[in-house]
Structures are given as structure tokens and as C-alpha cells.
2 protein chains.
Amino acid sequence: MDVRRTTVRDMRRSNRSVILTSIYRDGPLSRYELGHQTSLSAASVSNLVGELLEEGVVEEAGSVESDGGRPRVLLRVSPTFGYVVGAEVGETRVRVELFDLAMKVLATVAYPIETAELAPELAVKYVMQGLAEVIDEAGISADQVLGLGVAVAGIVEGPADAVVHAQTLGWDAVPFGAMLAAKTDIPIQVDNGANTLGQAEMWFGAGRGATDAVVALVGSGVGAALVTGGSSYRGTRSSAGEWGHTTITYAGRRCRCGAEGCLEAYVGAEGVLERFQLANKGIPAPGGDEEEAFTGLLDSVGTSEVAAEVVGDTIGYLGAGFANLVNLFNPERIVLGGWAGLLLGERYLPQLRDAVGKHALRQPYAQVSIELCELGRDAVALGAATLPILRLLREGGANPRSAPGLIARAR
Amino acid sequence: MDVRRTTVRDMRRSNRSVILTSIYRDGPLSRYELGHQTSLSAASVSNLVGELLEEGVVEEAGSVESDGGRPRVLLRVSPTFGYVVGAEVGETRVRVELFDLAMKVLATVAYPIETAELAPELAVKYVMQGLAEVIDEAGISADQVLGLGVAVAGIVEGPADAVVHAQTLGWDAVPFGAMLAAKTDIPIQVDNGANTLGQAEMWFGAGRGATDAVVALVGSGVGAALVTGGSSYRGTRSSAGEWGHTTITYAGRRCRCGAEGCLEAYVGAEGVLERFQLANKGIPAPGGDEEEAFTGLLDSVGTSEVAAEVVGDTIGYLGAGFANLVNLFNPERIVLGGWAGLLLGERYLPQLRDAVGKHALRQPYAQVSIELCELGRDAVALGAATLPILRLLREGGANPRSAPGLIARAR
DNA sequence: ACAGCTAAGTTCACGATTTGTAGGAAGTGG
DNA sequence: CCACTTCCTACAAATCGTGAACTTAGCTGT
């Protein structure tokens with residue numbers, strides 16, 4: 001249970017946050033509408049908005065007539081009040097993007113990774129170099145960058161030092177956050193890539209409007225981002241959401257994590273292709289890379305009985321995995337993404353929904369809607385960039401650079 | 001995202017809540033210690049405590065000397081400020097207990113249920129009758145009862161009208177909360193029995209001190225209470241936690257919920273006994289009722305190879321089920337309870353821990369501790385009685401009966 | 001017995017904050 | 001130019017936490 005006092009300052013920050021969040025989320029709003037939406041008095045809205053206007057976080061955006069009275073002045077978060085940078089550190093590339101506060105991309109750089117494993121120092125170098133380049137390309141000053149969000153393909157422990165464990169990158173307990181923070185003054189936030197993609201979908205994609213949701217990602221591996229009560233759930237040490245390694249068949253197929261019967265071993269693209277090869281007398285699905293082979297497999301369902309069976313089973317397994325989420329979490333929405341998930345979902349969403357219904361309890365199943373991700377895979381960096389924005393909104397628009405005291409006190 | 005203003009009154013209520021919660025949770029405390037713990041100024045502590053003292057929620061409890069200075073006056077929540085009633089509506093009985101605020105049992109009544117199904121009207125009658133009886137037996141007035149918490153063996157939808165779906169009772173969409181509220185002025189809170197037992201363990205049992213935990217209950221059926229960030233997680237429509245009906249073996253044993261391969265079908269007492277009978281050439285485990293048979297099965301592990309195998313498998317399945325929780329939630333603690341769970345846990349806790357380790361990812365597994373419930377099954381009613389107490393603490397000690405305005409405004 | 005000391009608890013003025021109210025501002029219609 | 005509607009703001013009142021000064025209560029040593 002939280003034991004934290006509230007002071008009169010917290011109150012003002014909280015109300016600033018409420019106003020700013022409303023403006024950001026619900027587009028241009030007049031002061032009048034703000035009052036209704038936040039249940040703050042008109043006087044307070046006026047006072048708080050005045051402050052936000054003066055600081056430049058919020059700006060006027062035209063006006064709208066009102067049945068013969070004084071027209072309402074619309075307010076919006078000033079897109080150029082500051083900028084945010086999102087970085088994606090993946091197995092095959094490091095991507096860095098710079099956005100304004102309206103989430104318009106102003107600059108992008110990407111560095112392909114040729115080596116099998118990405119040394120942490122090299123990753124730091126790429127991210128910092130990318131940061132400098134996008135700032136330069138966008139023609140802004142570094143002072144205007146409110147924060148840098150970094151998405152990593154691995155478990156990220158605690159927001160404090162952001163220790164990263166990433167099997168696929170060969171990282172074990174790398175203090176990635178601290179390493180980045182040593183190189184720049186810009187506030188850093190590190191998170192798991194699945195979480196940032198989930199965050200992006202929740203804000204701008206198929207998760208809009210939901211407060212309890214799961215974004216399930218199926219690619220070569222399988223993961224999920226849990227959203228509870230409107231914000232992402234991280235567990236004790238922020239490694240929650242390892243849905244891919246939950247047991248779906250006791251003593252089943254061996255998984256690369258070492259355990260047996262993990263969901264990932266059945267519905268991850270790698271696992272599906274292996275299962276196909278097994279059922280197909282050892283002959284693998286044709287195709288240059290995994291993605292090509294997987295697409296080919298799906299396309300051959302009409303002609304190959306083996307393919308049809310394997311894909312049908314995959315939908316069944318995925319449905320059971322979804323049902324587990326439904327029964328455990330009782331979410332209002334599940335969003336399916338990841339490249340393999342999208343390929344499957346585009347073709348078999350109705351079947352998938354049926355499969356979930358077969359495994360889930362009636363009550364929670366009736367309350368969940370199952371949808372597909374609307375944003376592409378590039379949304380990982382977008383989601384990472386929302387981290388500093390979320391902080392800005394939570395803090396009620398205090399510029400973390402010019403008023404570091406507020407942030408420091410916040411956590 | 002929450003859009004809710006904060007007023008100066010919310011601030012005071014919040015601070016009252018912080019103080020009261022501290023006093024309740026951390027035993028008798030002096031004003032001085034309270035200041036340190038809540039980071040409130042001494043002046044505010046004095047002010048707030050004065051108010052709480054005057055209202056009678058808090059009382060002085062002796063003093064302790066302090067190295068030659070003025071002794072500290074200890075404060076505690078007055079056990080007799082009010083009373084709370086917890087009721088358990090189960091398949092075999094309706095139990096009603098009355099507690100003071102120190103959670104001392106002052107009166108208990110129980111009504112055995114002979115019929116196969118308990119009609120909702122009858123349940124209401126039993127609960128109300130029990131309420132009247134415990135009040136009478138304890139010799140207090142009905143005005144002094146702060147609230148009535150009711151635990152039901154089924155899914156409880158939303159705290160508003162508390163619609164209950166309970167397969168085992170034969171209830172479908174019964175507005176149980178509204179039915180109870182129609183009969184009394186005492187504030188009513190209805191929740192799932194697994195949740196209330198979990199709540200009891202979190203406050204007074206093996207869950208003390210944890211903020212992210214799961215209380216797993218294994219009896220004839222299987223359920224779980226999820227605790228995230230210190231308070232119980234309920235999902236969109238409060239049916240979260242149906243761990244027993246997550247798939248652990250795809251296309252496996254049929255479960256009574258209609259699906260196949262549910263965890264409950266493997267580790268629930270009923271499922272275990274069925275599995276034994278199947279492995280034992282159709283000969284069931286001896287014993288009058290389920291509990292006797294289950295205990296007998298466990299006791300025969302040393303002599304019967306079949307029993308050893310079935311029980312060993314059970315531990316394996318349970319371990320995988322726990323691992324799923326560990327991977328998905330990253331909790332800091334898992335508490336095993338339920339009568340069958342305790343029987344298993346007393347004998348095989350180390351083996352269970354190993355089984356979890358085999359199925360869980362290294363990181364989250366290293367951060368979780370697996371323990372046994374410390375309270376008996378009667379704790380269901382105890383946990384139900386904590387619901388009104390939790391509300392009292394959240395509201396900062398406003399008596400919901402004498403100052404209904406505060407509660408009404410609170411939600 | 002009495003002053004001196006120490007630590008706990010209280011009082012009070014102050015600044016920060018929201019709110020209701022009254023009034024000003026910015027349009028439309030006649 | 002005036003009435004009217006609607007949106008926005010200035011001002012006094014009320015509430016609350018805080019810091020500093022002050023009071024209270026027990027102990028210690030002489």
C-alpha cells in the first residue's frame with residue numbers, strides 16, 4: 001500500500017497533468033470543454049491553461065463559433081514545444097527516429113547490424129550517433145529534446161538503472177540505461193520492445209480507448225505487453241508479459257528457452273515451420289528466409305493438406321494461448337501483432353476468435369474483443385518515443401530539462 | 001488514463017488515509033514515527049491525528065520512553081470504533097462472522113446447506129439472518145457495523161450491482177449485491193471467495209509485505225487471486241484470476257468447464273483422483289469423501305507406484321501452472337493454498353519449487369518466492385470482512401454510516 | 001528540591017491552491 | 001448602436017500543508 005503524502009503542490013501538478021492529458025488525448029479542446037471533461041471549475045481551467053500557454057506547452061489553435069456567443073478558443077499541445085526521440089535496438093538493426101509532440105516523424109536513421117551479436121558498447125554508440133544525426137537532420141537543438149526512449153529486444157529490469165537481459169543479443173545483466181545516461185544529458189527511458197510496440201498500439205492503433213488490454217506479438221518468437229488500468233503492467237522487476245514461454249502443452253515440444261511445451265514452440269514462426277517440416281517427412285517449407293517460408297506455408301494451405309493441418313493447429317494453439325490471457329486477465333481487448341501474427345490474423349481472424357471461444361470461459365470471453373495491430377513494425381521506435389511524452393503528461397508539462405527538480409522528485 | 005481533478009479536500013482525505021493506513025498496518029506508532037513514515041510534517045501529523053482522535057477512529061495506547069525526553073505517545077486504530085462482518089456463501093455452508101477492527105472474532109454463525117443448489121433468495125435470507133445474529137451475539141448495535149463483506153464462490157461482476165455467476169451454486173447473472181442491499185442499510189461489498197481468501201493472506205498470512213503476488217488456491221477446483229501493486233486485480237469486469245481454466249495441455253483432459261486441458265483437470269483434487277483411477281485400472285482411491293480419498297492417495301505414495309506417479313505428475317503440472325504465473329506476472333511471491341494445495345505443499349514444497357524452476361524463465365524465477373498459506377479455510381470470511389476495512393482506510397476513517405456524503409462522493 | 005537538558009507534540013502565520021461569483025470580452029442579430 | 005448569448009478571467013473566501021517558534025513532559029545531576 002502506498003504511503004505517500006499529498007501536498008498542495010502535488011495537487012497543482014496533478015491538475016496540470018489532467019488538463020494537459022485531456023488536451024493531448026482528445027485533440028483541440030476549448031477551455032469550456034476542458035472544464036466539463038476534467039470537472040475542474042472554469043476558474044481553475046483558465047488559471048492552469050494560462051500557465052501552460054505562457055510556458056509554451058499549449059498553444060491556441062483557431063476558434064469555433066458557438067450559436068451567437070463568444071467563440072470558443074481551441075487549445076492543443078504545441079507540436080514544437082519539444083521533441084522526442086525513439087530508438088529501437090533489435091537483432092538486425094538499430095533505428096532512431098525523432099518526432100515532434102504531434103508524433104510527426106522529422107528524421108530517421110538506421111544502422112544495420114551484420115555481426116551475429118551486438119556488443120552493448122556498439123549499441124550505445126549507434127544510439128548516441130543516431131541521436132546526434134536525427135537532431136542534426138531535423139535542424140533542432142539538443143536542448144529541445146525532451147527525452148529519449150529506447151526499446152530493447154529483451155528483459156529490462158527496473159526503470160532505475162535499466163539492466164537488460166537479452167538472450168538474442170547475447171546480453172546478460174547489461175546496465176544499458178546507465179551506459180546511455182553517461183553519454184548525454186537527455187533523460188533516458190529504456191523498455192522492452194514488445195512493451196513499446198504495445199504502448200504505440202494503445203495510443204495510436206487498435207488499442208485506443210481500452211484500459212485493460214493485451215497486445216500479443218507473434219513473430220519468430222512470441223511476447224505480449226500487458227496493459228492494466230490504462231498503464232503498462234511490469235511486475236516486481238518489470239519482466240512481466242513473457243506469454244510466449246507459458247506452457248500450453250505439458251511435456252511438449254522443446255523450446256529454445258530450455259523448457260518444454262511453451263506456446264512459442266507452437267505458434268512462433270520458427271516453431272510453426274519446424275512443425276511443418278516434421279509433418280512433411282522432413283521436407284522444409286520453401287523460401288529464402290523465415291518470413292518468406294512462413295508466407296509460402298500459409299499460401300499453400302489450399303493445396304497442401306499437411307500445410308492446412310499445421311496452420312489449423314497453429315490457430316488452435318494460438319486460440320488456447322489467447323484464452324489463457326482472457327481467463328487470467330479478463331481484458332476488454334486483445335490486439336494481435338508481430339509479422340507472423342499479422343499474416344495469420346489477416347487470413348484467419350474469425351477462426352482464431354472461435355478457437356478462443358472454445359477454450360475460454362463464457363463470461364470473460366463475451367467481454368473481450370480480438371483485433372489486429374494497425375501499426376507496422378516500425379511502431380517499436382514510435383512507442384519508445386511515447387515514453388518521454390507519457391512522462392511529460394504525467395508531470396503536467398514541466399520541461400524536464402529546464403526544471404529538473406520536478407522530475408527528480410517524481411521518482 | 002484517469003482524468004480526475006484533485007481538490008484540496010481530496011488532499012486532506014488522502015493524507016488522513018495515509019496516516020490511518022500506517023497506524024493500522026504498522027501497529028502502534030507515535031506521531032513522531034508517523035511523520036517519518038509518511039513524510040508528512042510534524043505539524044500536519046499532529047493536526048490530522050488530532051482529528052482522528054476526536055472522531056474516535058484512533059486512540060492512544062500507552063507511551064514509550066525516549067532517552068530522557070518527552071515520551072512518545074503510541075497510537076492505534078481503536079478496535080471498538082466500529083465492527084465489520086464477513087460472510088462466506090459457499091456450496092456447503094453460509095458462514096457469517098463479526099470482527100472488531102483488530103480482527104478479533106466476536107461472533108460466528110454458520111448454516112449448513114443440504115440442498116444441491118442454493119437459491120439466491122435463501123442465500124440472502126441466511127446472510128441477513130446471520131448478520132442479525134452475530135450483531136446480537138456480540139452485543140453491539142447495528143449502527144456500529146461499518147460494513148458487510150460477502151464472499152461468493154463464483155464470478156462477481158463489477159462492484160456496483162455485484163452480479164454473480166456461480167456455476168456450482170446454479171446462479172446465472174444473479175444481482176446478489178443489489179438483493180442484499182435492499183434488505184439493510186449497512187454498506188455491502190461482494191467479491192469472489194478466492195479473492196477474499198487471497199486478501200486475508202496478503203494482510204495477515206503468507207503474503208504480508210508483498211505488493212505483487214498471486215494467491216493460488218487448489219481444492220476440488222482451482223483458482224487464484226492476483227495482487228498487483230498492492231491491491232487485488234480484477235480486470236474489466238472483475239472476473240480476472242481464472243487460473244484453473246488456463247490450458248496446460250492442449251487438447252488434453254476434458255474439464256468440467258467444457259474446455260480441454262485445463263489446469264484444473266490435472267491438479268484439482270477431483271481431477272487428480274480421476275487420473276489416479278484411470279491409471280489404477282479403474283479402481284478409485286479409497287475414502288468416504290473427496291478429501292479423505294485425496295489424503296489417502298498422498299499417504300500411499302510410499303507403497304503404491306501408481307500413486308507415486310500420479311502425485312509426481314500433479315506436482316509437475318502444478319509447477320508448470322505456477323511457472324506460467326511467474327512468466328506472465330513476474331510476481332515477487334506466490335502463495336499456495338486451498339485444502340488440496342496445502343496437503344500437497346506440506347509434503348512436496350521443495351519438489352514443487354524445482355518443478356517451477358524447470359518451466360519458468362531464469363530471471364523472473366529468481367525473483368519469486370513460493371510459500372504456503374498460513375491461514376485456514378475459515379479465512380474466506382475474514383478476508384470478506386477486510387473489504388469494509390480497506391474502504392475505511394482508503395477513505396481516511398470517515399464513518400460511512402454517519403457521514404455518507406464522503407462515501408458517495410468517493411465513487 | 002530544583003535547574004538544566006532532551007525529545008515530543010502543538011500553535012500560528014504564511015503561502016499555495018481551488019472555487020464561486022461577479023464582471024469583462026467577443027461575437028451575433030436586430 | 002444596443003441587447004443578447006456564450007466564453008473567459010479577476011477577486012475574495014475557504015482550505016490545507018509547512019516551517020519556525022513555543023509548550024509539554026519526563027529524566028538527570030547536584
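For the classification of residues used here, Ala, Val, Leu, Ile, Met, Phe, Trp, Tyr, Cys and Pro are counted as nonpolar, Asp, Glu, Lys and Arg as charged, and the others, Gly among them, as polar. The structure described is a predicted model. On this classification, the surface near DNA strand D comprises 11 nonpolar, 13 polar and 9 charged residues.

DNA strand D is surrounded by 33 residues, of which A:Y32, A:G69, A:R70, B:A43 and B:R70 are the closest. Two or more residues of this surface are given by each of α2 (31-38), α3 and β3 of chain A and by each of α1 and α3 of chain B. Around DNA strand C there are 31 residues, and the closest are A:A43, A:R70, B:S46, B:G69 and B:R70. At least two residues of the surface near DNA strand C are supplied by each of α1 (8-25), α3 (42-55) and β3 (69-77) of chain A, and likewise by each of α2 (31-38), α3 (42-55) and β3 (72-77) of chain B. Helix α1(A) provides the largest share of the surface near DNA strand C, with 5 residues. By class, the surface near DNA strand C has 10 nonpolar, 13 polar and 8 charged residues.

The two protein chains also touch each other, with 56 residues of chain B in contact with 56 residues of chain A. On the side of chain B that touches chain A, two or more residues come from each of α1 (8-25), α2, α10, α11 (339-359) and α12 (362-366) of chain B. The largest share of that side is contributed by α1(B), with 8 residues. The side of chain B that touches chain A divides into 22 nonpolar, 25 polar and 9 charged residues.

In chain A, an open sheet of 5 strands with mixed pairing follows the order β14-β13-β12-β15-β16. The edges of this sheet are formed by β14 (231-232) and β16 (369-372) of chain A; each has a single partner strand, so one side of each is left without a neighbour in the sheet. Strands β12 (residues 213-218) and β13 (residues 222-228) of chain A run antiparallel and are joined by 6 bridges. Within this part of the sheet, A:L217 is placed opposite A:G223 of β13(A). Helix α6 (residues 193-204) of chain A lies across β12, β13, β14 and β15 (333-337) of chain A and runs at about 50° to β13(A). Helix α11 (residues 339-359) of chain A also packs on the sheet, where it touches β12, β15 and β16 of chain A, and its direction makes about 165° with that of β16(A).

In chain B, an open sheet of 5 strands, again with mixed pairing, has the order β6-β5-β4-β7-β11. Here β6 (105-112) and β11 (188-192) of chain B occupy the edges; as each has a single partner strand, one side of each is left without a neighbour in the sheet. On average, neighbouring strands of this sheet are turned by 15° against each other, direction ignored. Strand β4 (residues 83-89) of chain B runs parallel to strand β7 (residues 145-152) of chain B, and 7 bridges join them. B:V85 stands opposite B:L148, a residue of β7(B). Helix α4 (residues 120-138) of chain B packs on the sheet through β4, β5 (93-100), β6 and β7 of chain B, its direction making about 35° with that of β5(B). Helix α6 (residues 193-204) of chain B packs on the sheet as well, touching β4, β7 and β11 of chain B, with a direction at about 100° to that of β11(B).

Helix packing was examined for α8 and α10 in each chain. In chain A, helix α8 (residues 269-279) and helix α10 (residues 305-329) pack at an angle of about 140°, and their axes are 10 Å apart. This angle makes α8(A) oblique to α10(A), and the crossing of the two helices is right-handed. Residues A:V272, A:R275, A:F276 and A:A279 of α8(A) meet A:V306, A:A307, A:E309, A:V310 and A:T314 of α10(A). This contact consists of 6 nonpolar, 1 polar and 2 charged residues.

In chain B, the axes of helix α8 (residues 269-279) and helix α10 (residues 305-329) come within 10 Å and cross at roughly 140°. The two helices, α8(B) and α10(B), are therefore oblique to each other, and α8(B) passes α10(B) in a right-handed crossing. The contact involves B:V272, B:R275, B:F276 and B:A279 of α8(B), together with B:V306, B:A307, B:E309, B:V310 and B:T314 of α10(B). By class, the contact of α8(B) with α10(B) has 6 nonpolar, 1 polar and 2 charged residues.

Technical notes: Residues numbered from 1 in each chain as written. Chains lettered and ligands numbered in written order. Predicted model: local features only at pLDDT ≥ 70, side-chain atom pairs only at ≥ 80, totals over all residues. Near = placed C-beta within 6 Å. Helix = DSSP H or I, 4+ residues; strand = E, 2+ residues; numbered from the N terminus. Pairing = 2+ DSSP bridges. Contact = placed C-beta atoms within 7 Å. Axes fitted to C-alpha atoms, helices over the stretch in contact; angles between N-to-C directions. Parallel < 35°, antiparallel > 145°, perpendicular 65-115°, else oblique. Left-handed = near helix turned anticlockwise from the far one by under 90°.
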